[in-house]
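Here's a quick tour of a single protein chain, from overall build down to a couple of individual residues. Have the viewer open and follow along.

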Amino acid sequence: MKAVCIGSEGGLQHLQIKELPQPSPGPGEVLVRWHATSLNFHDYLVGIGAIPTPEGRVPMSDGAGEVVALGDGVDSWEVGSKVMSLFFPKWIDGNPTGAKTRGISGETVDGYLTEYSVLPAEALTRIPKGYSYAQAATLPCAGLTAWRALVVEGNIKMGDKVLIEGSGGMSIFALQFAKAAGATVYATSSSEAKADRLRDMGAVEVVDYKADERWGKTIYKAAGGGVDHVLDVGGGSTMSQSIEAAAMGGHIYAIGILGNGRKGTLTFPKLFFKHLRMTGLAVGSRVMQEDMIRAIEENGIVPVIDRSFGFAELADAFKYQASGAHFGKIVLEY
Ligand SMILES: NC(=O)c1ccc[n+]([C@@H]2O[C@H](COP(=O)([O-])OP(=O)(O)OC[C@H]3O[C@@H](n4cnc5c(N)ncnc54)[C@H](OP(=O)(O)O)[C@@H]3O)[C@@H](O)[C@H]2O)c1
């Protein structure tokens, strides 16, 4: 079987396609034939070597495919079941712990840009009814992160106001979940064409964060006193404006570090005089993923896929992602 592997040195030029022996499932395990993955910023950091991984690691944290063989004692799946991966294969339910979040697909354990892999039967969920493999592969990281922020941590209510930042994969899911919950969505984007698409999807106001340095203040005013939920994707590069955009008592989800935002400074009195909550979060559990799948089916939510690449085109797909030209998700199908 074929698998893409990270080389001994970091860098997209060192990604290799290898011929590996096909594994077979032991007790409690299943063999999955993967058919699609999707790109997340985390995968890009692994791909370029900014997150170091052992030589030979199979990248990509999202996978969708079908079960093709069952190990002894597995009764939760059948041969032919359509399944998708978990970002944290060991986080099934409850609060995150070190042990539950130690395995990260495509980083500390092998990911899904491989034709086959063997996994514990519990490290998978079904895919939403009617979804293609490519659509399902957009969900385990980007979809679940947006779901956990707004629904699990944020208890979003009809009439709430939500700010999404940029038009990447996680942010577009947040827009879709917020609209389905009856919330009003505000957005930022550096592209006028993408701003039009965000408005078409229901954003009431889109601010260009490059043209307007004080975009947080602009959103605060547009929302008539700030927004209740902010999904922050830039950390040090966006958090001070995310705080500006928030309403009194608002909730900010610290999710990403786009724009070189690994570190930054904050004006702390803004945090406490606005009585803000800030939740740092990394994806979610299998139970959260199952809840998200039900909600997606009930609300007819369909992922926005910008472009699809082939199995051997990961480096090209990463370059396209890094260009920032995409709107929503980029996938690979195989
Ligand atoms: N904590 C978690 O569990 C988790 C899960 C998923 C993602 N993330 C993080 O969330 C962030 C977004 O991930 P993604 O996979 O959705 O990325 P993505 O699809 O690559 O999104 C990139 C888009 O974000 C916007 N953007 C880029 N730099 C920006 C900046 N400085 N300020 C505001 N927006 C900016 C741009 O939108 P425009 O072109 O419209 O300007 C760009 O097209 C990443 O940092 C990622 O690591 C975290």
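## Overall build

This is a predicted model. A compact globule of 334 residues would have a radius of gyration near 20 Å, and the protein chain comes in at 20 Å, so the two agree. Laid along its principal axes, the C-alpha trace spans about 60 × 40 × 35 Å.

As for secondary structure, you'll count 10 helices and 15 strands in the protein chain. Take the contacts between residues at least 6 apart in sequence: 70% of them join residues at least 24 apart.

## Surface and charge

Buried residues account for 54% of the 334 in the protein chain. What's left open to the outside adds up to about 14,100 Å² of exposed area, with carbon and sulfur atoms supplying 51% of it.

On the charge side, the protein chain carries 31 positive and 36 negative side chains. The centres of those two sets sit 6 Å apart.

## The largest nonpolar core

Which residues have the most contacts inside the largest nonpolar core? They are Leu150, Val162, Ile164, Phe177, Leu198 and Leu231, in a core of 52 residues. Quite a few elements chip in with at least two residues each: the helices α2 (133–136), α3 (139–153), α4 (169–180), α5 (192–200) and α9 (286–299), along with the strands β8 (161–165), β9 (184–188) and β10 (203–207). The largest share comes from α3, which puts in 8 residues.

## Leucine 31

Now over to strand β3 (residues 29–38), where leucine 31 has its place. Is leucine 31 buried or exposed? With a relative accessible area of 5%, leucine 31 falls under the 20% cut-off, so leucine 31 counts as buried.

Leaving aside residues up to four places away in sequence, leucine 31 touches Gln22, Pro23 and Pro25, then Glu66, Val67, Val68 and Ala69, and finally Tyr116, Ser117 and Val118. For a sense of scale, try glutamine 241, 210 residues away along the chain from leucine 31: their C-alpha atoms are separated by 46 Å.

## Histidine 326

Histidine 326 is found in the loop between α10 (314–323) and β15 (329–333). Loop or not, histidine 326 counts as buried, because its relative accessibility is 13% and the cut-off is under 20%.

What does histidine 326 touch, not counting residues up to four places away in sequence? The list runs to Ser167, Gly168, Lys194, Asp306, Tyr320 and Gln321. Of these, Lys194 lies within the range of α5 (192–200), and Tyr320 and Gln321 within that of α10 (314–323).

Conventions. Residues numbered from 1 in each chain as written. Predicted model: local features only at pLDDT ≥ 70, side-chain atom pairs only at ≥ 80, totals over all residues. Heavy atoms only, no water. Helix = DSSP H or I, 4+ residues; strand = E, 2+ residues; numbered from the N terminus. Rg over C-alpha atoms; globule rule 2.2 N^0.38 Å. Buried < 20%, exposed > 50% of the residue type's maximum accessible area, 1.4 Å probe, protein only. Contact = heavy atoms within 4.5 Å. Areas by Shrake-Rupley, 256 points an atom, 1.4 Å probe, with all protein chains shown as cover. Lys, Arg positive; Asp, Glu negative; His and termini not counted. Charge placed at Lys NZ, Arg CZ, Asp CG, Glu CD. Core = buried A, V, L, I, M, F, W, Y, C linked by side-chain atoms within 4.5 Å.
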